Amino acid sequence: MRIAVIGAGPGGLAAAATAAENGADVLLVDENPRAGGQIWRHGPMAPPPKLAMEWIRRIQAQRIETHFGVTVLGRDSNGLVAYSEQEGHVCLQCDKIILATGARELFLPFPGWTLPNVFGAGGAQALLKAGMPVEGKRIVVAGSGPLLLAVAATFAKKGAHVVGILEQAGIHSLLQFAPELIRHPAKLIQGVGFGTRLFPTRPRFGTWVCRAMGNDIVREVIATDGKREWPLPCDILACGFGLVPNVELAQALGCDVEKGKVSVDEHQATSQSGVYCVGESTGIGGEDVALLEGEIAALAALDIPNVTSKIHERWRWESFVSNLGRAFALRKEVLQLAEDTTTVCRCEDVSFGVLKNQPDQRSAKLYTRCGMGPCQGRVCGPACHELFGWELNKPRWPLSPVTLDALLDSQ
Amino acid sequence: MASYDCDVLIIGAGIVGAACARALHQAGLRVIVLDAAQPGTGTTAACMGHIVTMDDSKSQMQLTAYSRAAWERLAAELSPDCEDLAAGTLWVAEDDEEMDAVEKKFRYYSEWNVPCEILDGEGLRRFEPNLRAGLRGALRVPGDRVVYATNCTRWMLQGIDVRPVTPVAALDEHGARDISGNVYRAKSVVLACGSDSAKLIPELPIEPRKGHLCITDRYPGFCHHQIVELGYLKSAHQFTSESVAFNIQPRPNGQLLLGSSREFTGWDAGINNDLLQKMIARAHMYMPALANLLLLRVWTGFRPATRDKLPLIGAWPGRQGLYIAAGHEGLGITTSLGTADLLAAEILGTTPPFSPTPFRASRILDPDYGHHE
Ligand SMILES: Cc1cc2nc3c(=O)[nH]c(=O)nc-3n(C[C@H](O)[C@H](O)[C@H](O)COP(=O)(O)OP(=O)(O)OC[C@H]3O[C@@H](n4cnc5c(N)ncnc54)[C@H](O)[C@@H]3O)c2cc1C
Ligand SMILES: Cc1cc2nc3c(=O)[nH]c(=O)nc-3n(C[C@H](O)[C@H](O)[C@H](O)COP(=O)(O)OP(=O)(O)OC[C@H]3O[C@@H](n4cnc5c(N)ncnc54)[C@H](O)[C@@H]3O)c2cc1C
């Protein structure tokens, strides 16, 4: 049995290791140059955390065919169609597929969000791990979700001065749905590799950034709790409003997607036979859930009976996962920050004022070019979904830009 | 359920319905336009928007030359988001045989007073350095243009009563009924549903003819004209088989649109990888530098094809007051304006700008329809 695992974050690594340890012939593909995905992103400046090392060793102990720097674009009669800058067009043959394509950040537009030195929270995390120098810089971390604390902690560790952590979710919402997160914030910064004592500053709940200011780069943000506003001078704003599952490849393979998540059964099987999906693409649940789901999919794909115990273990996480979503639900105020001149689609430079009266996503795209750029609406699509209730844009083939000669090679 | 009255009911807000609506509205008639979705989001949104003079037949030349001149007059009025660009067309000849065809084309276009010039291989490269060396020459038609058809459609519909998301369920003797049961009564009803037209009048011989298009990232100055291989006409002229032809268009923002393919596969909008690769390979043969450009997206669209390659324009014999404006295949953006003027003349009882006879919708009932030379 030849199994292709797409994505080498926690979900994909667990799937690949488990499948190989149980006798499958495994193919592991990731568009990043290294294994680890988002949470275990590492590089010359940032060694992988202990748990990540465990899984990477398990992978290395098996004979697994790895393709890093390779993006999977879809499938045709010959197998999975992939592309890399080095190898050009690659065709990957397999009997079953496990998708572990993770998630990306949700950006919501507010005045100033496109200024230089305004990053996504996860994006800032990735830059830090890649060695961005921040010593002595003043940082505001804002938006929503457990990731904010992890990012703030990383900034602090790198010698930056975190002047504010602004979480839009209110303390009541968090206490009601995720009291364990308040009591054990360490849970939130798993993967960063150190404890709570390094927390740079107390997070403020029920607060958000309503504007970023500066002529050339961000110099100051205006924070608010809905009643009053106050300025926070800073050099960097890291702001993300949670995560959006990456469902595009699953869609391209014909898998059903509901409410922005790939639909799966308890075996992580999608609506397409022989295609499984694990980790954040099936809903935002964090590293532990992604690992478990990866193991389940591998065992299920190989018809191994002891998958049942793993399924039970996964169920125990269910309330944590759904409470996570409720605890960090977006308040309506953060959906009302954009002004008419605020850019929503960065690729095509389309502003909120042009979009607010469009009837639907497709018309907005065709009439204003919103989402027509190289990212095909991966950034502005989820924002428009939140702001206007539009359907998510379904990207067209080849999902990500490729050079034309890559398509010629395959002939 | 409501009932609405108007002089003319137009079903379909693609570019053809929109152009007809505009002509009739300007003549002072009360027009209502219904569309199943949003204006300009059908085939009109999937096309290249090349405003081109074509000489597959005398009738086609008549309709395209007239229409192109109409686009030229409109150019100054169009809103900026219509992206009008007077790019001109280059019909590229690979060898001597095609060069003979260029000369023939030159004489024919000149007879029709369509300005054009013959370029030799060197002259061609001077205009378009990214074409491969060794091509024999080209016919340059400087008056052809490029537009963004979806926004042209919306521009044409300004000030007109357009009802989006209103699919018509059936035609009846007074007008039409939408799927919610609302009734529209009109003296004249124009069916302009493009490839979907046969869904309302099954006798209409209009079939979806699928085409692929690719769009690249922005490369300003990569090419300046819409460049088409002479073999394009052959590809468009065949009716049954799959075919590809090299066709590239510069967008005003520097993006390049790459075509074209033709096939009959019913309503399957999926990408045909083999055909797509042939299409890209064909383009690459003419423009090797394309190899390094980034491709952003590929999509398909359905041309509303008729057997004799001409649109159906005018009264439908089955029912008093019913008119057809559909079946424009791969030229509907160009020919929408000529179509509108012919149709408006027929509805208003004025003199048509040129003979409507070759385009009559009722010709499909002739025993020899579709058996052309
Ligand atoms: C920018 C960002 C930073 C984050 N940082 C942290 C953090 O520091 N701490 C934390 O607790 N959580 C973080 N998270 C949350 C993180 O998503 C989860 O904790 C966890 O990594 C999810 O694991 P996963 O296996 O589902 O997906 P991921 O870890 O996201 O892995 C998915 C992998 O799939 C690959 N991929 C996707 N599509 C394709 C394709 N078509 N072809 C080939 N490869 C593909 C990606 O390159 C990626 O490596 C971050 C999320 C994001 C978006
Ligand atoms: C790949 C490709 C490239 C092309 N390139 C060019 C080019 O360069 N130059 C050129 O001139 N032409 C080109 N064309 C052709 C051109 O796009 C078409 O001829 C033209 O768009 C047809 O317009 P239309 O208004 O008839 O149809 P459409 O644009 O399809 O409009 C029909 C409308 O009717 C509506 N409708 C359908 N059923 C109902 C119903 N029951 N009730 C209400 N409304 C309904 C639909 O929603 C739709 O909006 C190209 C076509 C393709 C596919």
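The exercises below, each with a worked solution, concern a predicted model and look at its two ligand sites, one helix, two single residues and the domains of chain A.

**Exercise 1. Describe the surroundings of ligand 1, beginning with its closest residues and ending with its place among the domains of chain A.**

Solution. Begin with the shell of ligand 1, which holds 32 residues, the closest being Gly11(A), Asp30(A), Gln38(A), Gln125(A) and Glu280(A).

Next, look for polar atoms that approach the oxygen atoms of ligand 1. A backbone N or O atom of Gln38(A) is found 2.8 Å from one such oxygen atom, and a polar backbone atom of Glu280(A) is likewise 2.8 Å from an oxygen atom of the ligand. For Ile39(A), the distance from a polar backbone atom to an oxygen atom of ligand 1 is 3.2 Å. Of the 980 Å² that ligand 1 exposes when taken alone, the protein buries 92%.

Then sort the shell by class, which gives 12 nonpolar, 14 polar and six charged residues. In terms of secondary structure, at least two residues of the shell come from each of α1 (10–21), β4 (71–76), β8, α3 and α8 (287–301) of chain A, and α3(A) provides the largest share, with four residues.

Finally, turn to the domains: because domain 1 (2–104 + 244–305) and domain 2 (118–241) of chain A both contribute residues to the shell, ligand 1 lies between them.

**Exercise 2. Work out why helix α3 of chain A is described as largely enclosed by the rest of the structure.**

Solution. The first step is to count buried residues, a residue being buried when its relative accessible area is under 20%. Helix α3(A) spans residues 121–129, and seven of its nine residues are buried, so the helix is largely enclosed by the rest of the structure.

The second step is to name these buried residues, which are Ala121(A), Gly122(A), Ala124(A), Gln125(A), Ala126(A), Leu128(A) and Lys129(A).

The third step is to ask what they pack against, and here the partners are β8 (103–105), β9 (118–119), α4 (147–157) and β16 (236–240) of chain A. Just beyond the helix, Gly131(A) adopts a positive phi of about 105°.

**Exercise 3. Set out how chain B surrounds ligand 2, and which element of secondary structure gives the most residues to the shell.**

Solution. Among the 38 residues around ligand 2, those that come nearest are Asp35(B), Thr44(B), Val168(B), Glu329(B) and Thr334(B).

For the polar approaches, consider side chain and backbone in turn. A polar side-chain atom of Thr44(B) is 2.5 Å from an oxygen atom of ligand 2. From the backbone, an N or O atom of Thr43(B) lies 3.0 Å from an oxygen atom of the ligand, while for Val16(B) the corresponding distance is 3.1 Å. On its own, ligand 2 has 1,000 Å² of accessible area, and the protein covers 94% of it.

The shell is made up of 20 nonpolar, 14 polar and four charged residues. At least two of its residues come from each of α1 (15–26), β16 (294–305) and α9 (332–348) of chain B, and β16(B) gives the most, with four residues.

**Exercise 4. Is Glu329(B) buried or exposed, and with which residues is it in contact?**

Solution. Locate Glu329(B) first: it is in the loop between β18 (322–326) and α9 of chain B. Its relative accessibility is 13%, and it therefore counts as buried.

Leaving aside neighbours within four places in sequence, Glu329(B) is in contact with Arg209(B), Arg262(B), Arg303(B), Pro304(B) and Ala305(B). With one of these, Arg262(B), the contact includes a polar one between the two side chains, at 2.9 Å.

**Exercise 5. Place Ala301(A) in chain A and identify what it touches, then describe how domains 1 and 3 of the chain are related.**

Solution. Ala301(A) belongs to helix α8 of chain A, and its relative accessible area of 0% makes it buried. Setting aside residues up to four places away in sequence, Ala301(A) touches Met1(A), Ile3(A), Lys96(A) and Tyr276(A). The pair Ala301(A) and Met1(A) is 300 residues apart in sequence, yet the C-alpha to C-alpha distance is 9.2 Å.

For the domains, the assignment lists domain 1 (2–104 + 244–305), domain 2 (118–241) and domain 3 (338–411) in chain A. The centres of domain 1 and domain 3, taken over C-alpha atoms, are separated by 26 Å, and 13 residues of domain 1 are in contact with 15 residues of domain 3.

Methods:
Residues are numbered from 1 along each chain as its sequence is written. Chains are lettered from A and ligands numbered from 1 in the order in which they are written. This is a predicted model: local features need pLDDT of at least 70, side-chain atom pairs count only at pLDDT 80 or more; totals for chains, interfaces and linings use all residues. Side-chain values use heavy atoms; hydrogens and water are left out. A residue is near a molecule or strand if one of its heavy atoms lies within 4 Å of it. A polar contact is a pair of N or O atoms within 3.5 Å; within protein, one must be able to donate a hydrogen and the other to accept it, and residues adjacent in sequence count only if both atoms are side-chain atoms. Accessible areas come from the Shrake-Rupley method with a 1.4 Å probe; for residues, only the protein chains shown count as cover. Ala, Val, Leu, Ile, Met, Phe, Trp, Tyr, Cys and Pro count as nonpolar, Asp, Glu, Lys and Arg as charged, and the others, Gly among them, as polar. Buried means under 20% relative accessible area, exposed over 50%, partly exposed in between (1.4 Å probe, protein chains only). Contact means heavy atoms within 4.5 Å. Domain bounds come from an automatic or database domain assignment.
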